[in-house]
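Here is a short report on charged pairs and nonpolar packing. Please look over the sequence and the model before reading on.

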Amino acid sequence: MAESEPNTHQPPAASPSPPPPAQVPQAPGPRASRLHQVFDQALARTLRANSYANFASCFPTPARHVPASLESVWRQLNAKLEESAKAEFEEIIAERDVVPHLNELDRLVGEARARRDQEEDEDSERTVPHTLGAEDLYKAHLTPYLQEAQSTLNDRLKVTHAENTQLAQTVQSQRQEIEQLLAHLGYVVSDIEGAASAATQFSKEHHLRQDAVQMDEEVNARSGL
């Protein structure tokens, strides 16, 4: 008997591609059913508004002489209106794939609610307040207020830094202006001192001139004698 060959057949490797999306049901879901219900209610209100009394008031002569025929025309007109409206509505529903899209929306909303409920359950299981110690509870209640106070202080500190920077620039500008004024004042004082010196020199020379004139006059007076 020949020995059996070892089984070298390996199972197929798992495909790395993501699983195919869930099949969207074609039957109307909650939202699609509600859309049909709203349309039926709106159409019913429209047909009720077109009552026989309102229709007959538009055709008083046939309503008075052939009311049965006019009522038959009214019934046919309403039936045609209802049939056309429903056909056009269904055509739009089919053309825009409204039912699959609404069903997909129902599925996404359901999954989101399930995840939210699961996360809420996990959060409730993580930390139970009454199991915390006094220090942890104290920190848990105090931390938000401390963070808010720190944020407020940081904002005020930024404003103070900006105001200090602006004041420093103002002081520097005023200091430069004072230095310019002092330099100009030095020039003025120098001019005044020069003017005073010139005036003093002029005064001395004027007195000498007067003395010379006086002496000349005395000499002339004596010569005349």
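Contact here means heavy atoms within 4.5 Å. By that cut-off, and leaving out residues up to four places away in sequence, Leu 43 touches Glu 82, Ala 85 and Lys 86. The model is predicted.

**Nonpolar core**

Leu 43 is also one of the residues of the largest nonpolar core. That core has 9 residues in all. The other members are Ala 32, Phe 39, Leu 47, Phe 89, Ile 93, Val 98, Val 99 and Leu 102. Helix 1, helix 4 (67-95) and helix 5 each give two or more residues to this core. Helix 1 gives the most, with 4 residues.

**Salt bridges**

How many salt bridges does the structure hold? There are 6. Three of the pairs are set out below, with the distance between N and O atoms.

| Pair | N to O distance |
|---|---|
| Asp 106 and Arg 31 | 2.5 Å |
| Arg 107 and Glu 104 | 2.4 Å |
| Asp 117 and Arg 116 | 3.6 Å |

Take the salt bridge between Asp 106 and Arg 31, with its closest N and O atoms 2.5 Å apart. This pair links distant parts of the chain. Asp 106 lies in helix 5 (residues 98-126), and Arg 31 lies in helix 1 (residues 30-49). The two are 75 residues apart.

Is Asp 106 buried or exposed? Asp 106 counts as buried because its relative accessibility is 15%, and the cut-off for buried is under 20%. Arg 31 has a relative accessible area of 34%, so Arg 31 is partly exposed.

The salt bridge of Arg 107 and Glu 104 is formed by their side chains. Both residues are in helix 5, 3 residues apart, so about one helical turn separates them. Arg 107 counts as partly exposed, at 27% relative accessibility. Glu 104 counts as partly exposed too, at 23%.

Asp 117 and Arg 116 form a further salt bridge. Asp 117 is partly exposed, with a relative accessible area of 33%. Arg 116 is partly exposed at 46% relative accessibility.

Which residues do shared partners join into one network? Salt bridges with partners in common join Glu 104, Arg 107 and Glu 111.

**Two helices in both pictures**

Helix 1 and helix 5 each give two or more residues to the largest nonpolar core. Helix 1 also holds Arg 31, and helix 5 holds Asp 106, the two partners of the 75-residue link.

Definitions and conventions
Residues are numbered from 1 along each chain as its sequence is written. This is a predicted model: local features need pLDDT of at least 70, side-chain atom pairs count only at pLDDT 80 or more; totals for chains, interfaces and linings use all residues. Side-chain values use heavy atoms; hydrogens and water are left out. A salt bridge is a side-chain nitrogen of Lys or Arg within 4 Å of a carboxyl oxygen of Asp or Glu. Buried means under 20% relative accessible area, exposed over 50%, partly exposed in between (1.4 Å probe, protein chains only). A nonpolar core is a set of buried Ala, Val, Leu, Ile, Met, Phe, Trp, Tyr and Cys residues joined through side-chain atoms within 4.5 Å.
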